[in-house]
Amino acid sequence: RKSCVPHCAWKCTEPACEQNCKPDCGVPACQTQCPKNKAGALTSCKVRCGEPNCAMYCPPDPCQGRKTLDCVTPKCTTHCAKPKCSVDCGGTDFGCKTVCPSPACEWKCAKPSCPKPKCSMLCEAPPKCDMTMSVPPPGADEQVMAKRAAHMGKPEWKTSLWGACSTQCGVGTQERKVICSAGDESYCQEKKPATAKSCEEVVHCQYNVGVWSACSSKCGKGKRTRSVECTGIQCLGDKPEAEEDCVGHAATCDECSVTLYGGKKFSGWTMEFEVGNYTGPELEYRGVKCDDISSLEVVGDYCKLEAFEFGDFNNEHAGWKAEFKMGKYDAVDFAPKGAKNDDISSFKLMRMPREDEAEAVAPTLFPTLIPAGNTSFPKLKGIGK
């Protein structure tokens, strides 16, 4: 041997197992057979034979010297005694014989009982390795500074520091190196430490912010929202607002006008009016046929129309009064609003203040209404036929 490492090997006794096997055979059907020529010559005589006497024989060793139990079917045979036959005419030998087929057998084995083998380790004595275990001499430009005999060390696992997390936001993995101090991992008997573990980073997690929705109020104060979601499990810093106040300002927030239709519903002649008070004579002067108004349309979120049965706004004569806000109304819709017929002889068109406007100024009618006796007519936008 050239190696200085001692060679060791386990030596174990071979277990002697008791197989405890017995043959299990089917019972064969045996027959006594006699030649036809002799039996036929004695037609007046009757041949009588005793019961066939046969026996089965199996080998004592189930597997015939083999050490395992995966052997073939046991080799069992049958042997039969010569039959005892006689005739009532005399004589005993007619060439009769007893015949039995070979039995069909298989081994029935109990679980073998095997004692534990006895093992011991045998090691060779290593050859003298004084020379082979010496380090090479130093080179010309080297010198020996210290000497010490090597000691017997126990192999152990050496681990490095954990590396950085595999992700900058969320759950990831950290890895490290794990090596055996003896070089080959088979020398380290302890369980190998983990080389990876889960980690979580939140430093680089950020909020994803969506766009603001439309204001919940068409005109005036309302709320608007947006989506705010963290890209990881946790985001540092203050979370951006997901809701804030807003002021709706649609085009119809500041508008206020009414269009009267005569004849056909929402067709025929039309007359449009802006904010103001309109008496019967003024409407007649503009060509409005009060008893021919078939429909009307109010435009403006804060616009209100008060219609009266009499041209003096019912001040001198009692009559019905109807109120209309933004929308389109025909003769069928007049009654639910308070108009008992389509004879609108006067009306007031007002723009009411919004909430933000009401907070800025005192709650007065906005804008100032034109007095009933005012002879200057508001601007007429158009008449159609």
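## Rings, core and salt bridges

In this predicted model, Phe313 is buried, with a relative accessible area of 7%. The residue lies in the loop between β23 (303-308) and β24 (321-324). Its phi is positive, about 55 degrees, although Phe313 is not a glycine. Two side chains meet its ring. One is Phe308, which forms an aromatic pair with Phe313: the centres are 5.5 Å apart and the planes stand at 80 degrees, an edge-to-face arrangement. Phe308 is buried, as Phe313 is. The other is Lys348, whose charged end sits over the ring of Phe313, 5.1 Å from the ring centre.

From this loop we can step back to the chain as a whole. The chain has 385 residues, and 24% of them count as buried. It contains four helices and 27 strands. About 26900 Å² of the chain is exposed, with carbon and sulfur atoms supplying 53% of that area. Take the contacts between residues at least 6 apart in sequence: 68% of these join residues at least 24 apart.

Next comes the interior. The largest nonpolar core has 25 residues, and those with the most contacts inside it are Leu260, Phe273, Leu296, Phe324 and Phe347. Several strands contribute to this core: β19, β20, β22 (293-299), β23, β24 and β26 each supply at least two residues.

Phe347 is a useful place to look at the contacts one by one. Apart from neighbours within four places in sequence, Phe347 is in contact with a list of residues that includes Val258, Leu260, Phe273, Tyr278, Leu305, Phe308 and Phe313. The starting residue of this account, Phe313, is thus among the contacts of Phe347.

How many aromatic pairs are there in the model? The count comes to seven. In one of them, the rings of Phe273 and Phe347 have centres 5.3 Å apart and planes at 75 degrees; planes over 60 degrees apart count as edge-to-face, so this pair is edge-to-face. Phe273 belongs to strand β20 (residues 269-274) and Phe347 to strand β26 (residues 346-351), so that the pair links distant parts of the chain, 74 residues apart. Both Phe273 and Phe347 are buried. Ring pairs also bring in Tyr278, which forms a cluster with Phe273 and Phe347.

A second lysine lies over a ring elsewhere. Lys328 is over the face of Phe266, at 4.6 Å from the ring centre. Phe266 is in the loop between β19 (257-262) and β20. Like the phi of Phe313, about 55 degrees, the phi of Phe266 is positive, near 55 degrees, in a residue other than glycine. Is Phe266 buried or partly exposed? Its relative accessible area is 27%, so Phe266 counts as partly exposed. Phe266 is also touched by Asp330, a residue of strand β25 (residues 327-330). Beyond the residues up to four places away in sequence, Asp330 touches Lys265, Ser294 and Ser295 as well as Phe266. Asp330 carries a charged side chain group by name, yet its relative accessible area is 14%, so it counts as buried.

The last topic is the salt bridges. The structure holds nine of them. In one, the side chains of Glu156 and Lys158 meet, with N and O 2.9 Å apart. Glu156 is partly exposed, with a relative accessible area of 42%, and Lys158 is partly exposed with a value of 42%.

Other salt bridges reach across the sequence. Lys218 pairs with Asp301, the closest N and O atoms being 3.5 Å apart. Lys218 is in the loop between β15 (207-209) and β16 (219-225), while Asp301 is in the loop between β22 and β23, and the pair links parts of the chain 83 residues apart. Lys218 is partly exposed at 46% relative accessibility, and Asp301 is partly exposed at 27%.

Asp254 and Arg351 form another salt bridge, with 3.2 Å between the closest N and O atoms. Asp254 lies in the loop between β18 (243-249) and β19, and Arg351 lies in strand β26, so this pair ties together parts that are 97 residues apart in sequence. The two partners differ in exposure: Asp254 is partly exposed at 41% relative accessibility, whereas Arg351 is buried, with a relative accessible area of 7%. Finally, Lys304, Glu306 and Lys321 are linked in a network of salt bridges.

Terms used:
Residues are numbered from 1 along each chain as its sequence is written. This is a predicted model: local features need pLDDT of at least 70, side-chain atom pairs count only at pLDDT 80 or more; totals for chains, interfaces and linings use all residues. Side-chain values use heavy atoms; hydrogens and water are left out. Rings of Phe, Tyr and Trp (its six-membered ring) pair if their centres lie within 6.5 Å; planes under 30 degrees apart count as stacked, over 60 as edge-to-face and the rest as tilted. Buried means under 20% relative accessible area, exposed over 50%, partly exposed in between (1.4 Å probe, protein chains only). A charge sits over a ring if NZ of Lys or CZ of Arg is within 6 Å of the ring centre and within 35 degrees of the ring normal. Contact means heavy atoms within 4.5 Å. Accessible areas come from the Shrake-Rupley method with a 1.4 Å probe; for residues, only the protein chains shown count as cover. A nonpolar core is a set of buried Ala, Val, Leu, Ile, Met, Phe, Trp, Tyr and Cys residues joined through side-chain atoms within 4.5 Å. A salt bridge is a side-chain nitrogen of Lys or Arg within 4 Å of a carboxyl oxygen of Asp or Glu.
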